[in-house]
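Student: I should like a close look at one part of this model, namely the place where the two chains meet. Please describe it in one connected account.

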Protein chains: 2
Amino acid sequence: MKADIPHPPDPQESLGVLLGLVRSELVRAMEAELASKGLDLRFTQFLILKRLGMLGPMTASELARAVELDGGAMTRQLDHLEGKGYLRRCPHAQDRRALRIELTAAGEALWRELTGCNERVLAAAQRSLGETERRRLHDYLERVLHALRDKH
Amino acid sequence: MKADIPHPPDPQESLGVLLGLVRSELVRAMEAELASKGLDLRFTQFLILKRLGMLGPMTASELARAVELDGGAMTRQLDHLEGKGYLRRCPHAQDRRALRIELTAAGEALWRELTGCNERVLAAAQRSLGETERRRLHDYLERVLHALRDKH
DNA sequence: GAAGAATATTTGTCAAGTCAAATATATTCT
DNA sequence: AGAATATATTTGACTTGACAAATATTCTTC
């Protein structure tokens, strides 16, 4: 993510920089939380397992779109996670091009652990925001996202 | 950033994912804006030039901290930008270890162009937010950032 | 003022992501 | 049906950033 350096002052950062800072701190915090539980998982891998845990088996491309990851990168992450025994590539019943990615028992168990980590980190991150403020933050971010996607 | 794929539905994304999505769209939008002006600059390079333009000459490490970039990565970005003639590495008057990075005339000119791009993209991104909401968004993000940094 | 600790820069190595090409299969159109 | 087009997955080449080691210089402390 970045080198471990003292925090710079941040007097009125632009939105782009600020978003980057918040995200990288969040990723760092999440990876630290995972490491403290003895889990060797990167943030991307956590996201993949989370998706599968929450939404059930799906195609590799669906997964890739869901976590905003390139198809090639997804293939390699699946190799990795399959190698660790957390998921399985099964043939897809309707589409012989596609794969059905599903969690193994170990993957399900891991996912249950991950849920806790995730909640703790998010709670810590938002601890200075009230309920209304959290909803607003979410709302604003979604509106910015839509504004960027639906150009003009 | 990511492959060019149709936008997935995003029903109640978690904060981590949402931040990533917004940031990557913003970066993509900014790079597209730069490209449309015929400029071949990545987002990181834009950030570096912006810092130098706004704050004046500074050390390579100050610059690295300011844009949250690793020192090694900064060296290579400086190589690149110096090669393109946008900046110069000068000896530092007080500290012989350090460099004084300053924009060339071409760099200054480029910076003036960049300012416009930056403002257009940020305005587009926030166009659905009112003045109060923009301030709130900024405020919330900074509070989240501080919460993550000052653990407990 | 000299030893030790800290900082600035550069370089090598590695991990992860993007892009483009290759292959296999589905879908659409005529 | 057959052709053209689109999608799913994999792989290789390339880029970028993180981390660690090396070197030069400055700061601290005894």
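Tutor: In this predicted model, L137(B) is the residue of chain B that comes closest to the rotation axis, its C-alpha lying at 3.1 Å. The axis in question is the one about which a turn of 180°, with a shift of 0.0 Å along it, lays chain B on chain A with an RMSD of 0.1 Å. The two copies are therefore related as by a two-fold rotation axis. They also meet through the same surface, because 100% of the interface residues of chain B are interface residues in chain A as well.

Consider next a pair of helices from the two chains. Helix α6 of chain A (residues 131-149) and helix α1 of chain B (residues 15-36) have axes that come within 9 Å and cross at roughly 30°. As angles under 35 degrees count as roughly parallel, α6(A) and α1(B) are roughly parallel to each other. The crossing of α6(A) past α1(B) is left-handed. On the side of α6(A), the contact is made by L137(A), H138(A), L141(A), E142(A), V144(A), L145(A), L148(A) and R149(A). The residues of α1(B) that take part are L15(B), L18(B), L19(B), L21(B), V22(B), E25(B), L26(B) and A29(B).

Helix α1 of chain A, which spans residues 15-36, contains S24(A). With a relative accessible area of 12%, S24(A) falls under the 20% cut-off and is therefore buried. The side chain of S24(A) is joined to that of E68(B) by a polar contact of 3.3 Å.

Note on methods:
Residues are numbered from 1 along each chain as its sequence is written. Chains are lettered from A and ligands numbered from 1 in the order in which they are written. This is a predicted model: local features need pLDDT of at least 70, side-chain atom pairs count only at pLDDT 80 or more; totals for chains, interfaces and linings use all residues. Side-chain values use heavy atoms; hydrogens and water are left out. Copies are superposed by least squares on the C-alpha atoms of residues with pLDDT of at least 70 in both. Contact means heavy atoms within 4.5 Å. Helices (H or I, at least four residues) and strands (E, at least two) are DSSP runs, numbered from the N terminus. Buried means under 20% relative accessible area, exposed over 50%, partly exposed in between (1.4 Å probe, protein chains only). A polar contact is a pair of N or O atoms within 3.5 Å; within protein, one must be able to donate a hydrogen and the other to accept it, and residues adjacent in sequence count only if both atoms are side-chain atoms. Axes are lines fitted to C-alpha atoms, for helices over the stretch in contact, and angles run from 0 to 180 degrees between N-to-C directions. Angles under 35 degrees count as roughly parallel, over 145 as roughly antiparallel, 65 to 115 as roughly perpendicular and the rest as oblique. A crossing is left-handed if the near helix is turned anticlockwise from the far one by less than a right angle, and right-handed if clockwise.
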